[in-house]
Amino acid sequence: MEKIIIQGQKRLSGEIEVHGSKNSALPILAATALVNGVSEIHNCPRLSDVDAAINILTHLGCKVTREGHTVTVDSTGMNGCEIPDDLMREMRSSVVFLGAILGRAGEAKLSTPGGCEIGLRPIDLHISAMEQLGAQLTEDAGKLMFQVPQGLCGARITLTFPSVGATENIIIAAATAKGRTVLTNAAREPEISDLADFLNACGARIHGAGDSTVVIDGVEALHGTGHTVIPDRIAASTYLLAGAMTQGKICVKDIIPAHLGALLPVMKEAGCDLTVSGRWICMSAPPRLRRVKMTRTMPYPGFPTDVQAPLSAMLTIADGTSVIVENIFESRYKHAGELVRFGAKISVEGRTEVIEGVPYLTGVHTVAPDLRGGFALILAGLAAHGETTVCGVEHIDRGYEAPECVLQALGADIKRIQEDGTGEKKSTKEFAAEPTQNSSAAVEPARSTAQTDESDTADRAK
Ligand code: EPZ
């Protein structure tokens, strides 16, 4: 296991890029299983959740190779319809494969995805939608078995909540269903539009993705294509908050500023100067951040729940008292207790977090509770006096590509070492040789951006 060690109080400055969006790459990789051909996915982030998605595709009989930030999926030989328990547990959001497997194989077997650190993560909306498209479900000892005796047929579906994953599963399953599907109260996240762009490039007929009503006219089959994943808006937001916590001045380039719309007014209220131009956002932080009266997490385009924990960290050292209400997940404050150990003054009552700003934090030994909460602890360590160690880095590696490399490039004193302290990991993570073919073993672990090589640059340019 590894840990991250930070000597705090270093002012961050400079320019960075961010990796491709995890939450776009995952549904797009799932959708490649529906394609009877070869899909080249560029700007695909090197993350353990992406490794897990590749393992599922391999298990389903797809041929998957990865070169830098390009993942190539040949699904012509796909012959499976089951996601085994171990692979389901490796990545909770594996349920997003359901629509593709049903659309391609006409049946699907998966285990009920357990909850995770941020909530129970039910999939009732996914199941109900697949049944409305013609799937029949039988459950047995935690196994979900779907049959589609008549093939998937288009339907009019209304989601009671604009679930991102359910929206993605419906769009994927409806892409090759018979007839038209009209989905209302769909999630509007940018990752939905990116998924639809990929599927339309494969020959699908999807209209309205990104709005709350999406119309999908099923087609016979989908062909392969090349697609470049959009930049990760959550990672971009997180690094801007890192700059804000260290009186820094950073620019995040090659992003889509509109995707960070709800964050900008919050950072402005905290006293940051923000300049947006083209595909850049530059941020200059004040000597002392101001409190942010009230932030409510909402479905897009509202304030993203995935930035709630990093924002909580920033507000611990703001001048005044801030309130955050988490409206999306029922238990997404596991980082609060750890932040209190840094000297933060936080109280949590149900879905409401009250943060009374303190003049400074003091570095501690801490353990990441989950992906975004884990990065909140890194942010606290960057601002804190003294040394911080963060264990449980495997949570953070699910959604951020080599964070220590990005932060080192901005001037942070941060390194990744083995938990037992032996040997400092080089500033980039070693990884096994690229698998040549359909390696049944897990693909090589994620690689850091610092090892970006020419092929990567070429990938990004595509
Ligand atoms: C996606 O999760 C993201 N994950 C999450 O990012 C993100 O926080 C979330 O959307 C909200 O934006 C991926 O895209 C891989 P939901 P998802 O379905 O699809 C309830 C991260 O840190 N719900 O929109 O699982 C659910 O319990 C991760 O990158 C049901 O009740 O989110 C939650 O309270 C975390 N029944 C709310 O809806 C269902 O069938 C939102 O869930 C499905 C969801």
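This section describes the ligand site, a covered helix and the cysteines of a predicted model.

The ligand is surrounded by 22 residues, of which Asp124, Ser163, Asp306, Ile328 and Arg372 are the closest. Classified by side chain, this shell comprises 10 nonpolar, 6 polar and 6 charged residues. Four helices each contribute at least two residues to the shell: helix 1 (22–31), helix 5 (124–132), helix 6 (164–175) and helix 12 (371–383). With respect to the domain assignment, residues of the shell are drawn both from domain 1 (2–19 + 232–450) and from domain 2 (22–230), and the ligand therefore lies between the two domains.

Polar side-chain atoms approach oxygen atoms of the ligand at several positions. For Asp306, the separation between such an atom and a ligand oxygen is 2.6 Å. The corresponding distance is 2.9 Å for Lys22 and 3.1 Å for Asn23. The ligand taken alone exposes 820 Å², and 86% of this area is buried by the protein.

Helix 10, spanning residues 308–315, is mostly covered, with 8 of its 8 residues buried. These residues are Gln308, Ala309, Pro310, Leu311, Ser312, Ala313, Met314 and Leu315.

A search for disulfides across the whole structure returned 1 such bond. The bond joins Cys251 to Cys282, with an S to S distance of 2.0 Å. The link between Cys251 and Cys282 is right-handed, with 110 degrees about the S-S bond. Cys251 is located in strand 15 (residues 249–253) and Cys282 in strand 17 (residues 280–284); the pair therefore ties together parts that are 31 residues apart in sequence. The two partners fall into separate accessibility classes: Cys251 is buried, at a relative accessible area of 16%, whereas Cys282 is partly exposed, at 21%.

Other cysteines were examined for possible partners. For Cys81, the closest cysteine sulfur is that of Cys62, at 13 Å; because a disulfide requires sulfur atoms within 2.5 Å, this separation is too far for a bond. Cys81 counts as buried, with 12% relative accessibility. For Cys153, the closest cysteine sulfur belongs to Cys81 and lies 19 Å away, which is likewise too far for a bond. Cys153 is partly exposed, with a relative accessible area of 31%.

Terms used: Residues numbered from 1 in each chain as written. Predicted model: local features only at pLDDT ≥ 70, side-chain atom pairs only at ≥ 80, totals over all residues. Heavy atoms only, no water. Near = heavy atom within 4 Å. Polar contact = N/O pair within 3.5 Å; in protein donor to acceptor, adjacent residues only side chain to side chain. Areas by Shrake-Rupley, 256 points an atom, 1.4 Å probe, with all protein chains shown as cover. Nonpolar A, V, L, I, M, F, W, Y, C, P; charged D, E, K, R; others polar. Domains from an automatic or database assignment. Buried < 20%, exposed > 50% of the residue type's maximum accessible area, 1.4 Å probe, protein only.
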